[in-house]
Amino acid sequence: MSGGVFDHDAIDRKIKETEKLTEAPDFWNDSENAQKVMNDLKYLKGRVEPWRLLMAKTDDLFALYDLALESGDEDLEDELKHDLDSALKKFQEQSILNLLSGEVDKSGCFLTIHSGAGGTEACDWAYMLSRMYIRWAERNGFKMETVDLQEDEGGIKSTTIQITGDYVYGKLKGEAGVHRLIRISPFDSNARRHTSFSSVFIFPVLDDTIKVDIRPEDLRVDTYRSGGKGGQHVNKTDSAVRFTHLPTGIVVQCDSERSQLMNRATAMSILKAKLYQYYKEQKEKENAKFGAEKKDISWGNQIRTYVFQPYTMVKDHRTKYEVHNIQSVMDGDIDQFIDSYLQAQWNGSLSSGDDEDDM
């Protein structure tokens, strides 16, 4: 492909230019910059080499097919089918990765979940969603760290999880929005069906190449004592940190570490990620993602609905993609929704996500 999602020639030229930089005698004098260049080179090669391997595999398949025809060996049919299925799966994986070409798509992310309308039921739903994303990250071998957690008796009020790995932000960015749950509530003694809402926000983890300026006078810093389980686990110092960015009103906090210095560093990373997202959308005059955070976490604003009773179904209202194995989805099998969103976004076929279905 060239000139579209995947420009093979342009990437090859960039690889040669980057390799030339590594040949300079003083290349490793600046170790930080050298490491960045090496990471860029690895990323570029990672985009083209899988396609070269896939093309070679395709040639092998044609050769095997010709051999099967000539020899009439039926045993080769199973081998051919297996290799073809494997090649198609790899093709689909690479096609999705080629849709992730944004400035920060290859970065990790901060995933934040807030419970919405529904009280205890909504807090339980927020916990269920956090578990779903944790399971998804585990399936993909990504590293996770909870940087903020506000618990409730029935679950969680809010949580922020940092997920580290290749293309995490690019894959999860379409998960931002309101998620609706329909089920018979385990908290209702009359076993009535309840509807609950929680919101998901996704922000990229920024590296040093992307600058976000934060003036000290625009920042209010509050410290407080983080919660604990009691006894020896109680934090006796004001180690938790909350930043308020006064011009935008964006608030972030971190209480996962006992060290205030480490909490400050993590909170600053989250704030920069949110400000990057905010300023990017302001510049492009597209407030869909940030606007989704400002929407009510309630009826009519959902991007996806999860139905447990009277039937089971998970439906994305933007792509119309749906599955009926809800337990698999809650166990982290959400790549099908991620892929369908990326394809629909590229094709320009996304709906608003606010449609009301008979559920």
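A residue counts as buried when its relative accessible area is under 20%, and as exposed when that area is over 50%; in between, it is partly exposed. The exercises below use a predicted model.

**Exercise 1. Get an overview of the protein.** How many helices and strands are there, and what share of the residues counts as buried?

*Solution.*
- Start with the secondary structure: the protein has 9 helices and 11 strands.
- Turn to burial. The protein has 359 residues, and 44% of them count as buried.
- Now take contacts between residues at least 6 apart in sequence. Of these, 64% join residues at least 24 apart.

**Exercise 2. Describe how α1 packs against α2.** What are the angle, the distance between axes and the handedness?

*Solution.*
- Locate the helices: α1 covers residues 8-22, and α2 covers residues 31-71.
- Read the geometry. The angle is about 145°, and the axes lie 10 Å apart.
- The crossing is left-handed.
- List the partners. From α1 come H8, I11, D12, K14, I15, T18, E19 and T22. They meet V37, M38, L41, L44, K45, R47, V48 and R52 of α2.
- Sort this contact by class: 7 residues are nonpolar, 3 are polar and 6 are charged.

**Exercise 3. Map the largest pocket.** Which element gives the most to its lining?

*Solution.*
- Note the volume of the largest pocket, about 1,300 Å³.
- Find the centre. Among 39 lining residues, N39, D40, Y43, K106 and D207 are the closest to it.
- Trace the elements. At least two lining residues come from each of α1, α2, α3 (75-97) and β3 (155-164).
- α2 gives the most, with 12 residues.
- Sort the lining by class: 11 nonpolar, 15 polar and 13 charged residues.

**Exercise 4. Inspect unusual backbone angles.** Is Y167 buried or exposed? Where is K320 found?

*Solution.*
- Recall the background: most residues other than glycine have a negative phi, and most peptide bonds are trans.
- Check Y167. Its phi is positive, about 65°, and it is not a glycine.
- Y167 sits in the loop between β3 and α5 (168-172).
- The relative accessible area of Y167 is 12%, so Y167 is buried, given the cut-off of under 20%.
- Check K320. Its phi is also positive, near 70°.
- K320 lies in the loop between β10 and β11 (322-323).
- The relative accessible area of K320 is 39%, so K320 is partly exposed.

**Exercise 5. Find a cis peptide bond.** Which residues does it join?

*Solution.*
- The bond joins Q309 and P310, with omega about 10°.
- Place P310: it is in the loop between β9 (302-307) and β10 (313-316).

How values were computed
Residues numbered from 1 in each chain as written. Predicted model: local features only at pLDDT ≥ 70, side-chain atom pairs only at ≥ 80, totals over all residues. Heavy atoms only, no water. Axes fitted to C-alpha atoms, helices over the stretch in contact; angles between N-to-C directions. Helix = DSSP H or I, 4+ residues; strand = E, 2+ residues; numbered from the N terminus. Left-handed = near helix turned anticlockwise from the far one by under 90°. Contact = heavy atoms within 4.5 Å. Nonpolar A, V, L, I, M, F, W, Y, C, P; charged D, E, K, R; others polar. 1 Å grid on protein atoms, 1.4 Å probe; cavity = no way out; pocket = protein on both sides within 12 Å on 5 of 7 lines; lining within 4 Å. Points joined across faces, edges and corners; volume = space filled by probe spheres on them. Buried < 20%, exposed > 50% of the residue type's maximum accessible area, 1.4 Å probe, protein only.
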